Amino acid sequence: MKKRIGIGTWSWGNKLFWNYKSSNDDDLRETYNEALERGFDLIDTADSYGTGNYQGRSESLIGKFLLDTPSAKKKRIQIATKLAPYPWRIGDKGFNKPFLKSLERLNNKLDIVQLHWSTAKYNPYQELGFLNNLCDLKDQGFDFQIGLSNIGPKRLQKLINYLSIRDKNIQSVQIQFSLLAPDLQKQYQVKNICEENNIDFFAYSPLSFGILCIDPDKDENKERSFIRNLLFENYKKSTYELRRVLKSIAKQRSVSQAQVAVNWCCYQGTIPLVGMRKKSQVIDISNVFKWNLNKNEFNYLQEISRKCLKKMPNNPFTSV
């Protein structure tokens with residue numbers, strides 16, 4: 001089974017949820033370099049990763065790291081960003097400035113441009129304008145593929161048909177996909193549509209913000225943000241049995257719980273986007289390339305996941 005795993009970079013600039021500090025930038029550079037050495041070939045970011053003084057920080061860091069990357073390695077990796085459909089970005093030119101700013105921050109290395117979330121629930125015509133905008137930019141000679149994020153199956157099919165009028169394809173779709181993801185049946189519908197249309201399926205939050213990595217038999221330290229501590233406490237009891245099974249498989253395989261959870265995604269042919277901030281995390285997750293879940297392990301995880309009634313919250317901007 002050929003696997004791809006992407007590096008998620010939401011934490012690269014986010015203070016509120018991930019306690020980002022600029023003093024961590026050397027760790028992030030080390031993370032980036034280690035990832036390239038170990039066969040990771042996709043980095044996912046967004047123009048909204050990093051707010052306030054850190055606006056666009058994730059893209060800026062990646063762009064800075066790219067400057068020191070040998071051209072052969074740079075050519076091998078894909079950089080995907082997401083442009084936010086903020087209400088003040090309107091019309092079929094609303095993405096022009098954000099696109100050019102992202103391109104500048106990323107030092108002209110931008111392979112996939114994704115609509116960060118669907119506006120179908122509150123302004124369906126806004127996202128159609130943005131998609132036309134991206135088509136126009138491609139027609140003007142900018143070399144990138146179009147992607148979507150936080151999209152439901154019905155809307156996805158409509159947008160595939162809509163873009164076909166412009167003779168354009170969707171390269172990738174990313175949605176929340178993990179053992180704790182909400183509405184997994186709907187996610188599988190999206191996945192099926194992607195497979196039918198040769199679209200890459202990116203699975204974000206495969207570790208459910210780190211909940212699936214918590215050892216069920218130990219008290220974790222609380223060196224996390226206030227919000228993450230609250231989240232972990234809220235899910236600790238309801239996810240105990242699932243984490244116990246993850247640990248059992250991990251122990252038999254001599255791997256980490258994180259590797260088991262990511263391999264659950266890979267088993268289904270998805271491309272998980274794993275948030276990583278440290279070299280040690282890259283080394284751990286890179287071992288997913290070396291082994292596969294067997295059918296019994298996968299089915300057991302599916303069964304326990306179904307029995308876990310408390311799932312992660314839905315992204316409110318995901319289209320129905």
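What share of the contacts in the chain with a separation of 6 or more comes from residues 24 or more positions apart? In this predicted model, such residues account for 80% of those contacts. The chain holds 13 helices and eight strands. Its radius of gyration is 19 Å, close to the 20 Å that the globule rule gives for 320 residues, so the chain is as compact as a globular protein of that length. Along the principal axes, the C-alpha atoms occupy a box of roughly 55 × 40 × 40 Å. Of the 320 residues, 55% count as buried, and the accessible surface of the chain amounts to about 15100 Å², with 49% of that area belonging to carbon and sulfur atoms.

Several of the strands are joined by parallel pairing. Strand E3, which spans residues 78-83, is largely enclosed by the rest of the structure, because five of its six residues are buried. On one hand E3 pairs in the parallel sense with strand E2 (residues 42-44) over three bridges, and within this pairing Ile-79 of E3 is the bridge partner of Ile-43. On the other hand E3 pairs, again in the parallel sense, with strand E4 (residues 112-115) over four bridges; here Lys-82 stands opposite Gln-114 in E4, and Leu-83 stands opposite Leu-115 in E4. The connection from E3 to E4 involves helix H5 (residues 96-105), and the three elements make a right-handed β-α-β unit.

Strand E4 is covered on both faces, with Ile-112 and Gln-114 buried on one side and Val-113 and Leu-115 buried on the other. Besides its pairing with E3, E4 runs parallel to E5, to which it is joined by four bridges. Gln-114, which stands opposite Lys-82, also has Gly-147 in E5 as a bridge partner. A right-handed β-α-β unit is made by E4, H6 and E5.

The loop between helix H6 (124-139) and strand E5 (145-149) contains Phe-142, which is partly exposed, with a relative accessible area of 27%. Leaving aside neighbours within four places in sequence, Phe-142 is in contact with Phe-99, Leu-100, Leu-103 and Leu-137. Phe-142 and Leu-110 are separated by 32 residues in sequence, whereas their C-alpha atoms lie 9.5 Å apart in space.

Further along the chain, helix H8 (residues 184-196) has 13 residues and reaches 18 Å from its first C-alpha to its last, close to the 18 Å expected at 1.5 Å a residue. The buried residues of H8 are Leu-184, Lys-186, Gln-187, Tyr-188, Val-190, Lys-191, Ile-193 and Cys-194, and these pack against both helices and strands, namely helix H7 (153-165), strand E6 (170-176), strand E7 (200-204), helix H11 (257-267) and helix H13 (295-307). After H8 comes Asn-198, whose phi is positive, near 55°.

Helix H13, one of the elements against which the buried residues of H8 pack, includes Ser-305. With a relative accessible area of 3%, Ser-305 is buried, because buried residues are those under 20%. When residues up to four places away in sequence are not counted, Ser-305 touches Leu-179, Leu-184, Leu-242 and Lys-311; of these, Leu-184 is itself listed among the buried residues of H8.

Notes:
Residues are numbered from 1 along each chain as its sequence is written. This is a predicted model: local features need pLDDT of at least 70, side-chain atom pairs count only at pLDDT 80 or more; totals for chains, interfaces and linings use all residues. Side-chain values use heavy atoms; hydrogens and water are left out. Buried means under 20% relative accessible area, exposed over 50%, partly exposed in between (1.4 Å probe, protein chains only). Helices (H or I, at least four residues) and strands (E, at least two) are DSSP runs, numbered from the N terminus. Two strands pair if DSSP finds at least two bridges between them. A crossover is right-handed if, with the strands pointing away from the viewer, the path from the first strand over the helix to the second runs clockwise. The expected span of a helix is 1.5 Å times one less than its number of residues. Contact means heavy atoms within 4.5 Å. The radius of gyration is taken over C-alpha atoms; the globule rule is 2.2 Å times the number of residues to the power 0.38. Accessible areas come from the Shrake-Rupley method with a 1.4 Å probe; for residues, only the protein chains shown count as cover.
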